[in-house]
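Subject: Handing over the structure, with notes on what was found

Dear colleague,

I am passing this structure on to you, and I would be glad if you could look through it with the notes beneath it.

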Amino acid sequence: MPETDYRDVRLGDFLEGLTGGAPGPGGASAAAMTAAFAASLVTMVARKSADSWAEAAGAAAQARGLEARVIPLATATAAAWEAALEALGGAQDGGPAERNAQLEEKLARSAEIPLAIAEAAADIARLAAVVAELGEGTYRSDAAAAAVLAAGAARASAHFVAINLGTRRDDEWLRRAVASSDAAADAASRALDAGP
Amino acid sequence: MQLTDAELVHRCREGDVEAWNALVERFSRYVYAICVQGFRLREQDAEDVFQDVFTRVYERLDSLRNDAAVRPWIAQLTRRLCLDKLASGSREEPVEELAPSDDGAMADIEEAFAVREALAELPEACQEVLDRFFAKDESYRTIGAALDLPAGTIASRISRCLRKLREQLEGRNEA
Amino acid sequence: MTRATGYHEERLGQLLSLLRPAPEGWVQAATELPGARRSLDEIVSRAEQDIEFRGALVADLEAALRDEGVAPDPALVEALRRRFQP
């Protein structure tokens, strides 16, 4: 499952994969796919707004771009976490120094991908907030829902960055992840306030 | 205004190093896309083919009969080297049967090149914002920081620049 | 809405995302080809005129290059090996 492109996986199989633990999709993968769902909703609202909002087509293009950006991260994060677990379990070649270096690299990778998910999710939330404010009235609540979903994905992903970084709490990555989570939360609030 | 393909090739033949750099810059994304998206080569194989393509382009530029046709020439060379690379890794399938894994992707790559040519005619600010978001996967925050603009304005700028790009392409088609 | 060109902002976004930058190191190596070729031509020319130098290249290519202050770049080494392989 970790090497699978989740666009090709049946939703039921993905959900089943989540119940199985590693190897397979976990929390970060679920966050990435949640962000993808949000992006799809934003695309829908933007398309429905084409006649009433000059920038609607551009917003739809960005939403599709963000969706395409975040789905591969769902696969990548599962693979990275599996590799990190193997390294933590001692399944490495070489002497102690080499094994530590490999472990360090794999743990970093397992934090780097959730950071990318958090940043993409924050952008989806930002875009959703704009669409919720300016899009076609009938569908604005869908855009607001998208912003909330994306904000949740950003928050969850930031949590995984913190967990996977472990004791490196002052890391620049953690700061960026928290900033993304905060920005996404702000966007969700604006989107909910925008109203139909 | 940038040089035409033919002008670039002419200057490369005269030993103009800047022209060679510009030629590599102009076609590097194209060659890379054919390797990894058209033929889905693994990273190491794609790197080998990429370097091989430009080495042969450099060595054989004199043999090009129509300077304006340098792009299809590079595309053909890249496709052949990708097939050779796939064949060298497969002992059973004849080369003729190793078709590109995605013909649709090849057509899209050609169309994408035309879109990038139109992009090059837009204001620099639009080129930057569209390239950073769509081709480099940069976040609104990163783009804003790089261009000294508020992150909250980037989405709107991207939308406006996409519209300009569409209008640029529509203008080309009508011409 | 379909327009005369068939282009739409979503399609443009997808196409823009297809032509991603090649890895920087790859592009750098490709731009250095003219310089690498000059080094190769100079070494070949010298080896054709200097038997002792040619012998050193055949005996140990990388060491001979290093002795001359030339970095034994893999592509250069391979090209020279093809030229001077007995």
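The notes below begin with conventions, then take up chain A, and after that chains B and C.

This is a predicted model, in which local features need pLDDT of at least 70 and side-chain atom pairs count only at pLDDT 80 or more, while totals for chains, interfaces and linings use all residues. Residues are numbered from 1 along each chain as its sequence is written, and chains are lettered from A and ligands numbered from 1 in the order in which they are written.

Helices (H or I, at least four residues) and strands (E, at least two) are DSSP runs, numbered from the N terminus. Axes are lines fitted to C-alpha atoms, for helices over the stretch in contact, and the angles between N-to-C directions run from 0 to 180 degrees. Angles under 35 degrees count as roughly parallel, over 145 as roughly antiparallel, 65 to 115 as roughly perpendicular, and the rest as oblique.

In chain A, helix α4 (residues 96–134) meets three other helices in what follows. The axes of helix α3 (residues 56–88) of chain A and α4(A) come within 8 Å and cross at roughly 160°, and α3(A) and α4(A) are therefore roughly antiparallel. The contact of α3(A) with α4(A) is made by 23 nonpolar, four polar and four charged residues, where Ala, Val, Leu, Ile, Met, Phe, Trp, Tyr, Cys and Pro count as nonpolar, Asp, Glu, Lys and Arg as charged, and the others, Gly among them, as polar.

Between α4(A) and α5(A) the axes come within 7 Å, again crossing at roughly 160°, so that these two helices are also roughly antiparallel. Their contact divides into 26 nonpolar, three polar and one charged residue. With helix α6 (residues 172–194) of chain A, the axis of α4(A) comes within 8 Å and crosses at roughly 20°, which makes α4(A) roughly parallel to α6(A). Here the contact has 17 nonpolar, two polar and six charged residues.

Helix α5 (residues 140–165) of chain A has 26 residues and reaches 37 Å from its first C-alpha to its last, close to the 38 Å expected at 1.5 Å a residue, the expected span being 1.5 Å times one less than the number of residues. Of those 26 residues 21 are buried, so α5(A) is largely enclosed by the rest of the structure. A residue is buried if 20 or more other C-beta atoms, placed from the backbone, lie within 10 Å of its own, exposed if 12 or fewer, and partly exposed in between. Just after α5(A), Gly166(A) takes a positive phi of about 65°.

Most residues other than glycine have a negative phi. In chain B, however, Arg40(B) has a positive phi near 50°; Arg40(B) sits in the loop between α2 (17–38) and α3 (43–60) of chain B, and counts as partly exposed because it has 15 C-beta neighbours inside 10 Å. Asp148(B) likewise has a positive phi, near 55°, in the loop between α7 (140–147) and α8 (151–174) of chain B, and with 6 C-beta neighbours inside 10 Å it counts as exposed.

Chain C has six helices and zero strands, and of its 86 residues 20% count as buried. Glu9(C), in helix α1 (residues 9–16) of chain C, is buried, with 25 other C-beta atoms within 10 Å.

With best wishes
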